[in-house]
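Open the model in your viewer and keep the selection tool at hand. Each stop below says what to pick and what is there.

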Amino acid sequence: GSPEINCIHLYTFEQARREGLVGEPTTSFMASDDFFGQLGHNPTRKKELFNTYLQQSGVVDGIIQGLKKLYDEPGQPEDPILFLKKHIPTKEFVKKTGPCPLPAPSTGTCKSEHWGTLKCGTKVDLFTLTSPSGSYVRCMPWGATIVGIHVPDRSGTLRDVVLGFDTFDEYVMGRNPSFGSVPGRVANRIANGTFTLGDKTFELEKNNGENHLHGGSEGFHRQLWTAEAGPGASVTFSYTAADGEAGYPGKLTARVTYTWTDTDCLLIDFEASVEDKPTIVNLTNHCYFNLNGPSMKTIKDHLVVLKCSKYTPTDEGCMPTGELAPVEETPFDFTTGKAIKKCITGEFPGYDHNYVIDKDANTAPYALTPFAMVYEPVNGISMEVATTFPGVQFFTANGECVKDIAGKLKTKYPTHGGFCLETQNFPDAVNKPEFPTPVLSPGERYCHRSAYQFGVQPEFKPLIADEEDKTPPKLRWMQMPECFRPKPPKLEEPEPEPEVVAPPPKGGKGAKGKK
């Protein structure tokens with residue numbers, strides 16, 4: 001759009017509309033306060049000029065229809081433009097939290113059924129999001145928890161690739177390390193369980209040694225959210241935390257939407273707003289993945305790529321020091337891809353570290369950025385991850401975290417039985433001014449998106465001599481590293497034939513003459 005139009009910023013995602021994905025923004029526009037002022041108080045004229053501008057800007061049809069609905073719905077506000085300004089992020093908001101990408105289309109279904117009952121007598125439903133191909137995701141409003149993700153392997157068999165339990169009571173009553181839930185109001189750690197906003201210091205529960213973790217022992221992951229089935233294969237869970245709940249300031253409303261697209265991509269949209277006073281917020285999903293499906297196999301043979309050239313080093317309490325250190329020549333380097341097990345030893349028991357996601361200099365700071373790929377070479381399942389968040393916590397279920405938990409199909413999970421890719425802001429950001437701020441003020445909207453794209457890859461066979469690879473892996477966002485290709489078998493060299501030595505002559509001419 002023209003440079004003088006500079007207040008409201010809409011992003012469109014043509015690729016998302018066509019393929020069920022979210023790509024780079026293809027069109028954007030902004031409109032200034034002067035632009036609205038020039039329209040006067042004639043709603044008809046406002047509607048005409050605004051829609052004309054949208055169409056001239058090449059905005060996709062879905063957005064045009066969505067904006068028109070604001071004008072056409074019964075009981076429309078007296079001033080539609082003010083209504084738009086209230087519900088569309090402002091330029092200042094975009095700088096802080098980025099736009100929430102539009103939901104990708106999903107033609108699947110969302111069905112619910114009774115699954116369990118809390119002690120208070122409240123019934124809890126289980127929601128199943130099913131794609132046209134038959135793959136499906138299950139989730140519930142208690143903790144906004146993802147219960148299962150069922151995707152096909154190379155043989156076409158559906159495998160549930162997240163850890164968890166078979167029954168509702170096990171999630172609520174059993175030993176549960178936040179399987180598939182949404183921690184909050186601040187995921188990850190806050191040093192010493194304390195932070196300061198303005199001139200006031202807030203004390204939080206110390207539930208992780210001397211530190212505060214995942215909003216406390218009764219954080220969002222232990223609360224019952226309200227549920228609203230959306231269009232297609234999607235569901236939205238909402239939770240309102242009171243001012244002072246768990247020690248945090250402000251009345252905060254959080255919303256998490258799960259959408260299962262026709263391309264087997266799980267979209268997670270995080271939104272939040274605070275009503276009365278500044279607060280801090282950092283939402284994520286805590287799925288433990290194991291692409292083997294329910295089994296006692298570890299994830300150490302999974303092959304991983306992380307497009308993250310820096311990470312945040314930690315102290316002995318897993319608290320970031322504030323430094324952004326390069327991963328090069330350290331165990332944290334997954335930039336070119338390697339097996340998880342490559343660096344796990346007795347001295348290095350596993351990963352529980354925040355990585356800084358690489359962003360292209362020409363990419364908007366909060367564009368949806370592909371940054372991770374995980375591949376299970378035996379069954380062929382792959383998972384790519386993209387997010388608008390600046391960081392990701394890579395966790396490999398070290399030590400006693402999931403060890404000996406009787407999970408799905410009564411499988412006893414081992415150490416390193418799963419891994420997490422928790423897209424989020426950096427840990428302890430509220431106490432580290434050099435980190436992206438987690439502060440959310442009244443009038444601002446927090447919204448981020450993460451996408452988990454599942455696929456199945458043909459067998460990545462070794463190439464011998466100049467053999468052509470006729471069925472290479474087809475990832476949607478990233479390239480399969482050549483280092484993941486199995487090495488060709490060593491050809492045994494044939495044993496040399498023994499040298500035949502002619503026997504010396506036994507007599508006759510020439511028998512004599514050597515001394």
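Begin with strands 3, 4, 5, 6 and 7. In this predicted model, they form an open sheet, in the order 3-4-5-6-7. Pairing in this sheet is antiparallel. Colour its two edges next: strand 3 and strand 7 (158-160). Each of these pairs on one side only. Step across the sheet and the twist averages 20° from one strand to the next.

Now zoom in on two neighbours. Select residues 136-140, which are strand 5, and residues 145-152, which are strand 6. The two run antiparallel, and five bridges join them. Pick Cys139 and look across to strand 6: its bridge partner there is Ile146.

Stay on strand 6 and select Ile149. What does Ile149 touch beyond four places in sequence? From strand 5 come Tyr136 and Val137. Arg159 and Asp160 are also in contact, and both fall within strand 7 (158-160). The rest of the list is Val161, Val162, Trp260, Leu266, Phe289 and Phe454.

Ile149 also belongs to the largest nonpolar core, which has 64 residues. Add Tyr258, Leu306, Tyr355 and Leu421 to the selection: with Ile149, these have the most contacts inside that core. Apart from it lies another core, of 19 residues. To find this other core, select Leu118, Met140, Trp142 and Val402, which are among its members.

Two residues of the 64-residue core lead to another sheet. Tyr355 lies in strand 21 (residues 352-356), and Leu421 in strand 25 (420-424). Show the five strands of this open sheet in the order 19-18-21-24-25. Here too the pairing is antiparallel. The edges are strand 19 (325-326) and strand 25, each pairing on one side only. In between, five bridges join strand 21 to strand 24 (residues 391-395). Select Val356 to see one position in detail: Gly391 of strand 24 stands opposite.

For the last stop, go to Ser106. Find it in the loop between helix 6 (91-97) and strand 3 (109-117). Is Ser106 buried or exposed? Ser106 counts as buried because its relative accessible area is 15%, under the 20% cut-off.

Turn on polar contacts. The Ser106 side chain reaches two backbone atoms: the nitrogen of Ala233 at 3.1 Å and the oxygen of Trp260 at 2.9 Å. Show the surrounding residues as well. Ser106 touches Gly232, Ala233, Thr259, Trp260, Thr261 and Asp262, leaving aside residues up to four places away in sequence. Trp260 also appears among the contacts of Ile149.

Key: Residues are numbered from 1 along each chain as its sequence is written. This is a predicted model: local features need pLDDT of at least 70, side-chain atom pairs count only at pLDDT 80 or more; totals for chains, interfaces and linings use all residues. Side-chain values use heavy atoms; hydrogens and water are left out. Two strands pair if DSSP finds at least two bridges between them. Helices (H or I, at least four residues) and strands (E, at least two) are DSSP runs, numbered from the N terminus. A nonpolar core is a set of buried Ala, Val, Leu, Ile, Met, Phe, Trp, Tyr and Cys residues joined through side-chain atoms within 4.5 Å. Buried means under 20% relative accessible area, exposed over 50%, partly exposed in between (1.4 Å probe, protein chains only). Contact means heavy atoms within 4.5 Å. A polar contact is a pair of N or O atoms within 3.5 Å; within protein, one must be able to donate a hydrogen and the other to accept it, and residues adjacent in sequence count only if both atoms are side-chain atoms. Axes are lines fitted to C-alpha atoms, for helices over the stretch in contact, and angles run from 0 to 180 degrees between N-to-C directions.
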